[in-house]
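Please look through the structure below and follow its strands one after another. The paragraphs after it go from strand pairing to charged side chains and then to the nonpolar core.

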Amino acid sequence: MRPKLFTFSPLSASLTGFLSNATGATWTLTATSVADGLAHLVTIRNDSATDHSAKTITLVGTDAEGNAQTETLAAPGTSATVTSTKYFKTLTSATPSATIGADTFDIGWSAVAVTQVYPV
């Protein structure tokens, strides 16, 4: 059997890669995937001095294998950032449980990434 070589070039973390300055109760992502084709942890940063940690944010997308997945996170507190525990190859929506009013959140990804599984 011939060896197979896989090369990956993970992108750096981006605080605003999916959406910059999300506000209100409905958010429309400006990007739904990371250009490197890998699955990344999603980050959500609260840009305001208001504590939104009593709210939740539901992330919907796909994992590294392309399987549908959902994760619900507690929204970030005052000027804080929360990170998903699941890796998302695509992120199709991020929905808050309640409006954040005029405050703003940034949605991006961490530098930590995974590939799909390659059987050996």
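Thr62 has Thr90 as its bridge partner in β6. The model in which this pairing is found is a predicted one. The two strands concerned, β3 and β6, are joined in the antiparallel sense by 6 bridges. Strand β3 covers residues 56–62, and β6 covers residues 90–96.

Thr62 also has a bridge partner in β4, namely Ala68. Strand β4 is made of residues 68–74, and 7 bridges join β3 to β4, again in an antiparallel arrangement. These two strands form a hairpin with 5 residues between them. Within that hairpin, Gly66 takes a positive phi near 90°.

Next comes a sheet built from other strands. In what order do the 4 strands of the open sheet lie? The order is β1-β7-β2-β5, and the pairing is antiparallel. The edges are formed by β1 (residues 14–22) and β5 (residues 81–88), each of which pairs on one side only. On average, neighbouring strands of this sheet are turned by 20° against each other, with direction ignored.

The sheet can be crossed from one edge to the other. Starting at β1, 3 bridges join this strand to β7 in the antiparallel sense. Ser14 is bridged here to Trp109 in β7. The next step goes from β7 to β2, which are antiparallel and joined by 7 bridges. In this pair, Ile44 stands opposite Ile107 of β7. The last step goes from β2, residues 39–46, to β5, with 5 bridges and antiparallel pairing. There His40 faces Phe88 of β5. As a general point, the side chains of a regular strand alternate between the two faces of the sheet.

Now consider a charged residue within this sheet. Asp106 belongs to strand β7, which spans residues 105–114. Is Asp106 buried or exposed? Its relative accessibility is 3%, so Asp106 counts as buried, the cut-off for burial being under 20%. Leaving aside residues up to four places away in sequence, Asp106 touches several others, including Leu15, Thr16, Leu19 and Ser20. Thr43 and Ile44 are also among the residues that Asp106 touches. The side chain of Asp106 has a polar atom 2.8 Å from the backbone nitrogen of Asn21.

The side chain of Asp106 also makes a polar contact of 2.4 Å with the side chain of Arg45. This pair is a salt bridge too, since the closest N and O atoms are 2.4 Å apart and the limit for a salt bridge is 4 Å. Arg45 lies in β2 and Asp106 in β7, so the pair ties together parts that are 61 residues apart in sequence. In general, side chains of opposite charge can pair when their charged atoms come close.

How many salt bridges are there in total? The count comes to 2. Besides the pair with Asp106, Arg45 meets Asp47 in a salt bridge with an N to O distance of 3.1 Å. Arg45, Asp47 and Asp106 are thus linked in a network of salt bridges. The three residues can be compared by their accessible areas. Arg45 has a relative accessible area of 26% and is partly exposed. Asp47, at 32%, is partly exposed as well. Asp106, at 3%, is buried.

Another polar residue is found outside the strands. His52 sits in the loop between β2 and β3. With a relative accessible area of 3%, His52 is buried. Its side chain is in polar contact with the side chain of Lys55, at 2.7 Å. Not counting residues up to four places away in sequence, His52 touches Asn46, Ala75, Pro76, Gly77, Ile100, Asp103 and Phe105.

The last topic is the nonpolar core. Nonpolar side chains tend to be buried together in soluble globular proteins. In this model, the largest nonpolar core has 20 residues. Which residues have the most contacts inside this core? They are Trp27, Ile44, Leu59 and Ile107. Two or more core residues come from each of β1, β2, β3, β5, β6 and β7. Ile107, which stands opposite Ile44, is worth following further. Beyond four places in sequence, the residues that Ile107 touches include Leu15, Phe18, Leu19, Trp27, Leu29 and Val42. Ile44, Leu91 and Ala94 are also among them.

Technical notes:
Residues are numbered from 1 along each chain as its sequence is written. This is a predicted model: local features need pLDDT of at least 70, side-chain atom pairs count only at pLDDT 80 or more; totals for chains, interfaces and linings use all residues. Side-chain values use heavy atoms; hydrogens and water are left out. Two strands pair if DSSP finds at least two bridges between them. Axes are lines fitted to C-alpha atoms, for helices over the stretch in contact, and angles run from 0 to 180 degrees between N-to-C directions. Buried means under 20% relative accessible area, exposed over 50%, partly exposed in between (1.4 Å probe, protein chains only). A polar contact is a pair of N or O atoms within 3.5 Å; within protein, one must be able to donate a hydrogen and the other to accept it, and residues adjacent in sequence count only if both atoms are side-chain atoms. Contact means heavy atoms within 4.5 Å. A salt bridge is a side-chain nitrogen of Lys or Arg within 4 Å of a carboxyl oxygen of Asp or Glu. A nonpolar core is a set of buried Ala, Val, Leu, Ile, Met, Phe, Trp, Tyr and Cys residues joined through side-chain atoms within 4.5 Å.
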